[in-house]
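Biologist: Please take a close look at a single part of this model, namely how its sulfur atoms are arranged, and then set that part in the context of the chain around it. A connected account would serve me better than a list.

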Amino acid sequence: VVSNLGARLVIERLWERTNVNALAKRDTPKVWTIQMFGGLARHQTITADGFALVLCHELGHHIGGAPKKKNTPIPWASSEGQSDYFATLKC
């Protein structure tokens, strides 16, 4: 899907970072990145399914569709609710 949209997906595995989080970003219009942090991977309550769902949510920011975030530095991103919807329905 990403390549059909003219971009390349990069997943950065930042295991040394302790953040219990993940994020989607676009360094350039054609390089779409998802960062997954080690703090999330190592958290005592995270399961493999939960970790996959977070990854799908971040992917949803890139390809989840409308509605998009408004009045932010990342207007390309699907909203939080839309990313959740994408993650649970399509990913």
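Modeller: A residue is called buried when its relative accessible area is under 20%, exposed when that area is over 50%, and partly exposed in between. By this standard, 34% of the 91 residues of the chain count as buried. The model is a predicted one, and the account that follows should be read accordingly.

I begin with the part that you asked about. The structure contains one disulfide. Its partners are cysteine 56 and cysteine 91, whose sulfur atoms lie 2.0 Å apart. This separation satisfies the criterion for a disulfide, because the cut-off is a sulfur pair within 2.5 Å. The torsion about the S-S bond of these two cysteines is about -60°, and the disulfide is therefore left-handed. The link joins distant parts of the chain, since its two ends are 35 residues apart. Cysteine 56 belongs to helix H2, which covers residues 48–63, whereas cysteine 91 sits in the segment after helix H3, residues 80–89. The two ends also differ in cover: cysteine 56 has 12% relative accessibility and so counts as buried, while cysteine 91, at 46%, is partly exposed.

The setting of this link is a chain with three helices and three strands. In sequence order the pattern is β-β-β-α-α-α. The radius of gyration is 13 Å, close to the 12 Å that the globule rule gives for 91 residues, so the chain is as compact as a globular protein of that length. Along the principal axes, the C-alpha atoms fill a box of roughly 35 × 25 × 25 Å. Of the contacts between residues at least 6 apart in sequence, 36% join residues at least 24 apart. The accessible surface comes to about 5,700 Å², and carbon and sulfur atoms account for 56% of that area. The chain carries 11 positive and 7 negative charges, and the mean positions of the two sets are 7 Å apart.

Helix H2, which holds one end of the disulfide, is bordered by two loops that deserve attention. The loop between helix H1, residues 38–42, and H2 contains isoleucine 46. At 24% relative accessibility, isoleucine 46 is partly exposed. Beyond its neighbours up to four places away in sequence, isoleucine 46 touches Leu40, Ala41 and Phe51. Its C-alpha atom is separated by 25 Å from that of alanine 77, which is 31 residues away along the chain. Alanine 41, one of those contacts, lies in helix H1 and is likewise classed as partly exposed, at 36%. With the same exclusion of sequence neighbours, alanine 41 touches Trp15, Ile46 and Phe51. The C-alpha atoms of alanine 41 and asparagine 21 are separated by 9.0 Å, with their positions 20 residues apart in sequence.

The loop between H2 and H3 holds two backbone features. Most residues other than glycine have a negative phi, and most peptide bonds are trans. Proline 67 lies in this loop, and a cis peptide bond with an omega of about 5° joins alanine 66 to proline 67. Asparagine 71 is found in the loop as well, and has a positive phi of about 55° although it is not a glycine. With a relative accessible area of 85%, asparagine 71 is exposed.

Residues from the strand part of the chain complete the picture. Threonine 33 is placed in strand S3, residues 31–37, and is buried at 1% relative accessibility. Apart from neighbours within four places in sequence, threonine 33 is in contact with Val10, Glu12, Leu23, Ala24, Lys25, Asp27 and His62. Valine 2 precedes strand S1, residues 8–14, and is also buried, at 10%. The contacts of valine 2 beyond four places in sequence include Trp32, Leu59 and Ile63. Valine 2 and arginine 13 are 11 residues apart in sequence, and their C-alpha atoms are 19 Å apart in space.

Methods
Residues numbered from 1 in each chain as written. Predicted model: local features only at pLDDT ≥ 70, side-chain atom pairs only at ≥ 80, totals over all residues. Heavy atoms only, no water. Helix = DSSP H or I, 4+ residues; strand = E, 2+ residues; numbered from the N terminus. Buried < 20%, exposed > 50% of the residue type's maximum accessible area, 1.4 Å probe, protein only. Contact = heavy atoms within 4.5 Å. Rg over C-alpha atoms; globule rule 2.2 N^0.38 Å. Areas by Shrake-Rupley, 256 points an atom, 1.4 Å probe, with all protein chains shown as cover. Lys, Arg positive; Asp, Glu negative; His and termini not counted. Charge placed at Lys NZ, Arg CZ, Asp CG, Glu CD.
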